[in-house]
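Me: Please give a close account of one part of this predicted model. I should like to understand how the chosen part is held among its neighbours, and how charged pairs and nonpolar cores are arranged elsewhere in the chain.

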Amino acid sequence: MLRVAILSSEAVPFAKTGGLGDVAGALPKALIRTGEVDASLVMPLYQQTDRRLLRELLFDNLEVEWTGGNRHVRVFLSEETISAPVFLIDAPEYFARPNVYGYSDDHTRYAFFCRAALALLKRLGRAPDVVHGNDWPCGFAIAEVRARRAYDDFYRQTRTLFSIHNLAYQGAFDPRDLGYFGFGWGEVHDAFLSEGAASALKAGLMLADALSTVSRRYSFEIQTPEQGYGLDWLLRQRRERLIGVTNGVDYDAWNPATDSHVAANFNAYDLSGKRECKLDLLRRFGLPEEAERPVVAIISRLVAQKGYDLIREAAPAILETGAFFIALGAGAQEYEDFLQSLRDHAPHRVGVFKGYAGEPLAHQIEAGADMFLMPSLYEPCGLNQMYSMRYGTIPIVRATGGLDDTVENFDRARGTGNGFKFGEYSARAMLGSIYEALFAYADKDVWRRIQLNGMRADNSWDAAARKYVEVYRAVMRM
Ligand code: ADP
Ligand code: GLC
């Protein structure tokens with residue numbers, strides 16, 4: 001059995017702000033199902049973590065080396081919600097705050113989390129074969145394992161995999177803090193330096209034994225200056241050690257046949273429940289219950305990455321089609337203001353929920369909508385297009401990153417394809433695909449064909465988990 005410790009700054013059902021939470025909650029479970037991996041997950045205990053998910057206080061005084069005086073943290077073991085042990089590090093000084101991210105000392109918070117996670121693994125007594133870190137918050141752990149291999153027998157054989165979920169978030173901070181974190185000199189110190197700042201992402205990319213990212217296409221895109229965020233040179237340099245593994249869908253959580261959040265269950269053979277879900281969705285947003293009128297929906301963080309500039313530009317034209325438009329999102333004020341003004345302008349056509357809504361509403365939108373819009377500027381993988389397909393909701397996406405890998409454009413002549421895809425990042429191109437989708441929607445047989453193509457697609461975690469096992473095995477030979 002391979003012993004793999006996954007480190008993540010978020011994971012469902014404990015804390016989530018986006019797709020990383022879904023992935024970190026599903027991957028350990030899928031790895032255990034392969035029968036080849038003894039996987040565990042280590043994450044911070046946040047203020048927003050539901051305390052009912054904790055089973056026991058495992059350590060009430062784990063010592064963590066820290067400049068200015070060692071700290072002591074509590075470590076909880078969770079209930080078996082994801083069938084792998086989940087260790088939650090309780091450091092209230094850093095994590096008992098209203099939000100998961102967004103503080104000026106985020107780099108210190110996650111440097112501390114990583115230090116504590118590695119102290120915990122040591123205290124548990126069995127060295128992991130692989131430490132698998134995710135995104136910049138875990139870059140510190142990758143660096144530390146690398147440093148410890150030289151002087152700490154416990155970590156001598158441990159290898160590291162660093163997964164990039166979003167290259168744009170780099171965890172930059174003042175390099176003078178490196179000394180404070182214990183990375184004040186040598187190869188490891190230098191690995192953090194990036195254009196005058198220190199970057200936890202860069203350290204992870206430089207020092208991990210292997211790198212992965214969350215779709216095949218994104219693994220190539222990040223090697224280009226356009227999408228490399230200043231680190232494409234490093235990714236090109238390490239391309240032999242970089243692999244794209246497309247995320248899966250946790251069908252225990254995202255399955256219209258069993259989903260407990262939605263008004264009615266349905267499946268590929270009997271879609272009648274979807275109509276009920278649509279009416280329920282319209283009611284929730286205070287929209288007229290016109291079941292024949294198409295619903296175009298979007299759920300995303302309100303950031304430029306998600307293509308909100310295109311949506312803003314195309315909004316009048318979308319409304320002109322007569323479709324309902326429903327948006328759920330939290331993020332930049334300018335986009336929240338835009339959504340509010342759209343809603344005020346067309347209250348009978350537009351439904352908006354601003355803020356982070358948690359799981360139920362996201363499921364209700366997936367189940368009740370007809371079309372799901374993801375015009376992303378870039379998209380490492382994207383999960384909602386895959387959720388949409390399972391719920392008979394047709395994705396309209398821009399051909400970038402994981403969206404391009406997972407959505408196949410509908411071909412009317414052959415009856416193949418599971419969505420609509422455009423290439424150019426422009427409102428015009430996006431509208432072209434929306435019009436095409438609305439045209440197809442008008443023909444019930446055609447629409448049903450596309451729905452079935454999507455509902456039958458198998459995007460489960462099993463294939464991805466098998467790939468990760470291969471990567472873990474390869475990294476152990478390095
Ligand atoms: P990203 O990780 O870039 O945000 P993904 O498509 O991988 O994009 O995953 C986003 C996840 O976060 C999905 O599960 C989606 O339903 C959820 N999500 C995004 N915004 C919200 C929100 N405002 N309320 C509830 N869930 C949200
Ligand atoms: C990131 C990416 C998203 C991906 C998710 C999970 O947040 O933006 O595309 O699906 O991570 O890997």
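Reply: Lys 444 is exposed, because its relative accessible area of 60% lies over the 50% cut-off. This residue of the predicted model forms a salt bridge with Glu 292, in which the closest N and O atoms are 3.6 Å apart. The partners belong to distant parts of the chain, 152 residues apart: Glu 292 lies in the loop between helix 10 and strand 13 (295–302), and Lys 444 in helix 17 (residues 444–455).

A second salt bridge leads towards the part to be examined. Asp 370 pairs with Lys 278, with the closest N and O atoms 2.7 Å apart. This pair, too, links distant parts of the chain, for Lys 278 is in helix 10 (residues 272–284) and Asp 370 is in the loop between helix 13 (359–368) and strand 16, 92 residues apart. Whereas Lys 444 is exposed, both Asp 370 and Lys 278 are buried.

Strand 17 is the part considered in detail. This strand spans residues 394–398 and is mostly covered, with five of its five residues buried. Side chains in a regular strand alternate between the two faces of the sheet. In strand 17, Ile 394, Ile 396 and Arg 398 point one way, Pro 395 and Val 397 point the other way, and all of them are buried.

Strand 17 has a parallel partner in strand 16 (residues 371–374), to which four bridges join it. Within this pairing, Leu 373 has Ile 396 as its bridge partner. The connection between the two strands includes helix 14 (residues 384–390), and strand 16, helix 14 and strand 17 make a right-handed β-α-β unit.

Strand 17 also pairs with strand 18 (residues 420–422), again in the parallel sense, over three bridges. Here Arg 398 stands opposite Phe 422. Helix 15 (residues 401–406) completes another right-handed β-α-β unit together with strand 17 and strand 18.

A further unit of this kind occurs earlier in the chain, where strand 14, helix 12 (residues 333–345) and strand 15 make a right-handed β-α-β unit. Strand 14 (residues 324–331) and strand 15 (residues 350–354) run parallel and are joined by five bridges, and Leu 328 has Phe 353 as its bridge partner.

The nonpolar cores give the wider setting. The largest has 137 residues, and Leu 31, Phe 113, Phe 140, Phe 192, Leu 205 and Tyr 472 have the most contacts inside it. Helix 3 (residues 106–124) gives the most to this core, with ten residues. At least three residues come from each of domain 1 (2–248 + 462–476) and domain 2 (272–458). Apart from this core lies another, of 40 residues, which includes Ala 314, Leu 373, Ala 427 and Leu 438. Leu 373, the bridge partner of Ile 396 in strand 17, is thus among the residues of that second core.

As for charged pairs in the whole model, the count comes to 36 salt bridges. One of them joins the side chains of Asp 22 and Lys 16 at 2.7 Å, N to O, and both residues are buried. Elsewhere, Glu 65, Arg 115, Lys 122, Glu 144, Arg 148 and Asp 152 are linked in a network of salt bridges.

Note on methods:
Residues numbered from 1 in each chain as written. Chains lettered and ligands numbered in written order. Predicted model: local features only at pLDDT ≥ 70, side-chain atom pairs only at ≥ 80, totals over all residues. Heavy atoms only, no water. Buried < 20%, exposed > 50% of the residue type's maximum accessible area, 1.4 Å probe, protein only. Pairing = 2+ DSSP bridges. Right-handed = clockwise from strand over helix to strand, strands pointing away. Salt bridge = Lys/Arg side-chain N within 4 Å of Asp/Glu carboxyl O. Core = buried A, V, L, I, M, F, W, Y, C linked by side-chain atoms within 4.5 Å. Domains from an automatic or database assignment.
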